[in-house]
Amino acid sequence: MAPPREPLIFHASRPGRGATDQWPREPGGAISIPEGLLRSRPPALPEVSELDAVRHFTRLSQLNFSVDTHFYPLGSCTMKYNPKACNALAMLPAFLARHPLAPESRGQGVLACLHELQGMLGEVTGMQAVALGPMAGAQGEFAGVAMILAHHRARGEFARREIIVPEAAHGTNPATARLCGAVVREIPVGADGDVDLEALRAAVGAGTAGIMLTNPSTLGVFERRILQVAEIVHAAGGLLYYDGANLNAIVGRVRPADMGFDVVHVNLHKTFSTPHGGGGPGAGAIGVAETLAPYLPIPIVGREGERYRWLTERDLPLSIGRLSAFMGNVGVLLRAYVYMRLLGREGLSRVAEHAALNANYLLARLVRAGFEAAYPGRRASHELIVTLRREAREQRVTAMDFAKRLLDYGMHAPTTYFPLLVPECLLIEPTETESKETLDAFVAAMVSIEREAREDPERVRRAPHTLPVRRLDDVRAAKRLDLAWTPDGRTADPPR
């Protein structure tokens, strides 16, 4: 029988046990820390052997859900597999050893890769210029709106401060607009999932700076009247911003520039298969049409003959400035560069094709199994939405209950309750990297949970049952988060 898995390493602590090989001692046994900085008593740390510590933290890592270990259909996040070849090549010694303050002459290889990456991202988006500095999608959004506002100010149009945001947009879009000092104007979408054109016409005017949207939208459908949207906004003097979170649906097939967009941010940690999650790393490269090129954030890699160099404020005096230290998250950028080199033009096109194929297969199977599609008259893009409002009404089993129960089946839950305009929403994105067998297993799990919801709904409501952490009180966890261990096991009240 396997030994019990203690949730806290303190439970394995035994007086006098330890691993002293890592102590900071100098030859001869002297402690290298000055006397005045030494503790008067030992810290309250667990007393365990090195083997105990290794086993404890290895077991903890095995409890995590990740793309490498589980199906992870998190809608709008494109949690697809990161090829290990990209990691290996981005970690070549010459890349890792280069200091960010090293002279340009000592980093021509890195600069060449980044310059080519700028060009390739320009190709897939149709944009004229690309900057790699933003370190996340949120920073890419910020850069896009900041450039739109800078463009209008440079033209003396200071009244153009309104950013139009469809109700199906990502939640970060209105937040970004407000952070940049813009005024947000929300417009509805129709029952078919497309932007309400009449509402858009009523919203645009002399104060319009631009519109923020993604295509396909977060409703999992392609905006069919996007050219009309662009015509309306441009006619009013505004610009179009493309949120690149859903670029995986169209990469290599359709370009945002061809839809009429003037600026786009690209989540390299989504579409171009670089590490994603845990608060970082990330990269939100930004591409622009010629109109906005003077305002791009710096630095940008430029080329003069056979030599590469960083373009700075001297080259782009109208730049919105720097958004990150040094040159952005170069390790992630190199992974994206390798990924695009490995796939080439035809491979990138297959990414979108297979992502759409998997999503539509999954949608068809779920509908056939009795689940309700949020937009039954539309085909899926790279993701799909099912609504569990019937299950919530008849069995009092919610989308969150389904999500928690899926963990017991060894699958991470899809995105829940987003977008907000779909009741009891599950936003499911299988990505192109999952096999048919995995998709079939997900459908089987959903069918099994639906049967449980009818026959034993309390079992679903109390899920998960097999994880070390069971169902939490979300409100209490947010208000009284307990992250500290105390010898007596008591939880200290948070400061008032």
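## A tour from the helix pair outward

Start by selecting helix α4 (residues 108–125) together with α10 (330–368): they pack at an angle of about 50°, with their axes 9 Å apart. That makes α4 oblique to α10, because angles under 35 degrees count as roughly parallel, over 145 as roughly antiparallel, 65 to 115 as roughly perpendicular and the rest as oblique. The axes here are lines fitted to C-alpha atoms, for helices over the stretch in contact, and angles run from 0 to 180 degrees between N-to-C directions. Helices (H or I, at least four residues) and strands (E, at least two) are DSSP runs, numbered from the N terminus.

Before going on, some housekeeping. This is a predicted model, in which local features need pLDDT of at least 70 and side-chain atom pairs count only at pLDDT 80 or more, while totals for chains, interfaces and linings use all residues. Residues are numbered from 1 along each chain as its sequence is written, and side-chain values use heavy atoms, with hydrogens and water left out.

Now show the side chains between the two helices. Among those in α4 are Val110, Leu117 and Leu121, and the α10 residues they and their neighbours meet include Val330, Tyr337 and Leu348; contact means heavy atoms within 4.5 Å.

**Into the core**

Next, colour the largest nonpolar core, which has 59 residues. Such a core is a set of buried Ala, Val, Leu, Ile, Met, Phe, Trp, Tyr and Cys residues joined through side-chain atoms within 4.5 Å. Buried means under 20% relative accessible area, exposed over 50%, partly exposed in between (1.4 Å probe, protein chains only). Which helix gives this core its largest share? Helix α10 does, with eleven residues. Leu117 and Leu121 turn up again here, among the residues with the most contacts inside the core. Leu200 is on that list too, so click on Leu200 next: leaving aside residues up to four places away in sequence, Leu200 touches Ile164, Ile187, Ile211, Val229, Ile232 and Val233. A second, separate core of 29 residues includes Ala131, Ala169, Leu239 and Leu296.

**Across the sheet**

Switch to a cartoon view and follow seven strands in the order β1-β7-β6-β5-β4-β2-β3, an open sheet with mixed pairing. Two strands pair if DSSP finds at least two bridges between them. At the edges stand β1 (129–131) and β3 (183–187), each with a single partner strand, so one side of each lacks a neighbour in the sheet. Zoom in on β4 (residues 208–213) and β5 (residues 239–243), which pair in the parallel sense over four bridges. Leu213 has Tyr242 in β5 as its bridge partner.

**Odd spots in the loops**

Most residues other than glycine have a negative phi, and most peptide bonds are trans. Here are some exceptions to select. Pro299, in the loop between β7 (284–288) and β8 (300–304), follows Ile298 through a cis peptide bond. Ser273, in the loop between β6 (263–267) and β7, has a positive phi near 55° and is buried, at 3% relative accessible area. Tyr417, in the loop between β12 and β13, has phi near 60° but is partly exposed, at 30%. That loop also holds Pro419, and the bond from Phe418 to Pro419 is cis.

**Last stop**

Finish at helix α12 (residues 399–408): is it enclosed or open? Eight of its ten residues are buried, so α12 is largely enclosed by the rest of the structure. Just after α12 comes Gly410, with a positive phi near 80°.
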